[in-house]
Amino acid sequence: MLEATNTTSNSAVANPALAAEAKIARVAVTVFPLLVIAAGVAGFLAPGVFKPLAPSVPYLLGIIMFCMGLTLTPPDFASVARRPWAVALGIVAHYVIMPGAGWLIAVLLQLPPELAVGLILVGCAPSGTASNVMAFLAKGDVALSVAVASVSTLIAPLVTPALTLLLAGSFLHIDAGAMVLDIVKTVLLPVVAGLLARLFLKNLVAKVLPALPWASAVVISVIVAVVVAGSAGKIVAAGGIVFLAVVLHNGFGLGLGYLAGKVGRLDGKARRALAFEVGMQNSGLAATLATAHFTPLAALPSAVFSVWHNISGALVAAWLARKPLQD
């Protein structure tokens with residue numbers, strides 16, 4: 001995650017550090033989808049190599065969440081107190097739009113139960129770890145983006161299982177209690193550990209911060225490879241409908257997230273931030289939960305989402321960056 005710095009392109013040019021940060025973000029956004037695609041192809045072509053890694057997926061997600069915790073600072077949470085309405089609007093929009101859209105698309109496309117649950121589970125996950133990078137590239141409100149992503153992640157142990165049970169319980173049996181424990185272990189505890197490490201090991205953490213986005217990208221790619229390997233035999237038959245469902249799901253999130261900011265009378269920068277906070281999901285968490293609680297096929301929407309939301313996010317960010325901000 002980027003530090004919560006709200007800048008324009010002019011200030012980035014004036015400040016070499018910000019210019020370098022912008023360059024790193026653009027490179028990461030370009031390379032990350034390619035890395036995830038390569039991982040998916042590898043998992044499909046060599047499932048025997050990656051399938052045995054399935055039990056390690058929760059630990060891999062824990063690494064990603066620990067890296068996220070390392071990027072958080074007290075000012076990130078202070079921004080929640082300064083702008084409670086904007087943050088609350090982002091959280092409500094995220095946990096209403098994406099779960100609802102996932103359920104609606106699953107019903108309209110008549111997805112098989114496993115795929116329907118997988119898509120709904122993606123919608124019920126917290127904000128994606130790359131959402132604030134996209135907000136930065138789109139010249140959006142990065143401080144708001146970080147605040148919404150942080151809060152949505154911290155409340156995920158309660159909200160994600162409850163919404164999944166409510167919306168997906170008619171498709172498959174949902175053990176919400178076990179899901180709560182899994183999210184606490186793989187998300188909440190690693191994030192808190194990372195935050196504490198940032199507070200008490202400042203000098204050491206400062207040295208590794210530049211490598212965190214790349215470490216997260218590599219780990220997410222491994223998770224995608226493992227998930228794809230687990231359902232490699234069914235991807236050819238189900239891949240088309242899953243891709244359509246994911247594109248629609250992500251598109252609804254990006255568009256309605258921006259609209260939510262407009263309805264809430266937020267400024268142009270905040271609207272751009274909410275577009276990515278609503279439309280981009282923590283698909284690594286969704287894949288982990290789907291693998292642990294359902295079947296490898298249920299994790300397929302998460303794997304596709306991991307690839308697509310980074311591609312669409314980069315394209316939308318580039319488009320918004322070229323549009324003048326209107327308050």
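## Close-up views of a predicted model

**View 1. Thr 160 sits in helix α10, which covers residues 156–168.** This is a predicted model, as are all the views that follow. Is Thr 160 buried or exposed? With a relative accessibility of 1%, Thr 160 counts as buried, because that value falls under 20%. Look also for Ala 176: the C-alpha atoms of Thr 160 and Ala 176 are 8.9 Å apart in space, while 16 residues separate the two in sequence.

**View 2. The largest cavity holds about 40 Å³ of space.** A search of the whole structure finds one cavity of 30 Å³ or more. Helices α13 (212–230), α16 (283–293) and α17 are the elements that each give two or more residues to the lining of the largest cavity. Which of them gives the largest share? That is α13, with four residues. The lining is made up of Ile 220, Ile 223, Val 224, Val 227, Ser 283, Gly 284, Ala 287, Ser 302, Ala 303 and Ser 306. By type, six of the lining residues are nonpolar, four are polar and none is charged.

**View 3. Helix α17 has a kink of about 25 degrees, centred on Ser 306.** Ser 306 may look familiar from the previous view, as one of the residues lining the largest cavity. How does the end-to-end span of α17 compare with what its residues should give? The helix has 22 residues, 300–321, so at 1.5 Å a residue it should span 32 Å; the end C-alpha atoms are 32 Å apart, in agreement.

**View 4. Asp 141 and Arg 83 form a salt bridge, with their closest N and O atoms 2.7 Å apart.** The pair joins distant parts of the chain, 58 residues apart. Asp 141 lies in the loop between α8 (131–137) and α9 (142–154), and Arg 83 in the loop between α5 (74–82) and α6 (84–108). Asp 141 has a relative accessibility of 5% and therefore counts as buried, whereas Arg 83, at 27%, counts as partly exposed.

**View 5. Lys 185 and Asp 182 form a salt bridge within helix α11 (residues 176–200).** A search of the whole structure finds two salt bridges, and this is one of them. Here the closest N and O atoms are 3.9 Å apart. The two residues are three apart in sequence, about one turn of the helix. Lys 185 counts as exposed, because its relative accessibility of 54% is over 50%.

**View 6. Helix α7 is mostly covered, with ten of its twelve residues buried.** The buried residues include Leu 115, Val 117, Leu 119, Ile 120 and Cys 124. Two glycines, Gly 118 and Gly 123, are also among the buried residues of α7. Its twelve residues, 113–124, should span 16 Å at 1.5 Å a residue, and the end C-alpha atoms are indeed 16 Å apart.

**View 7. Gln 110 and Lys 139 each have a positive phi, although neither is a glycine.** Why pick these out? Because most residues other than glycine have a negative phi. Gln 110 has a phi of about 55 degrees and lies in the loop between α6 and α7. With a relative accessibility of 70%, Gln 110 counts as exposed. For Lys 139 phi is about 60 degrees, and this residue is found in the loop between α8 and α9. Lys 139 is partly exposed, with a relative accessible area of 25%.

Key: Residues are numbered from 1 along each chain as its sequence is written. This is a predicted model: local features need pLDDT of at least 70, side-chain atom pairs count only at pLDDT 80 or more; totals for chains, interfaces and linings use all residues. Side-chain values use heavy atoms; hydrogens and water are left out. The expected span of a helix is 1.5 Å times one less than its number of residues. The bend at a residue is the angle between axes fitted to the seven residues ending there and the seven starting there. On a 1 Å grid over the protein atoms alone, a cavity is a set of points where a 1.4 Å probe fits but cannot get out, and a pocket is an open set with protein on both sides within 12 Å along at least five of seven lines; lining residues have an atom within 4 Å of a point. Grid points are joined across faces, edges and corners, and a volume is the space filled by probe spheres set on the points. Ala, Val, Leu, Ile, Met, Phe, Trp, Tyr, Cys and Pro count as nonpolar, Asp, Glu, Lys and Arg as charged, and the others, Gly among them, as polar. A salt bridge is a side-chain nitrogen of Lys or Arg within 4 Å of a carboxyl oxygen of Asp or Glu. Buried means under 20% relative accessible area, exposed over 50%, partly exposed in between (1.4 Å probe, protein chains only).
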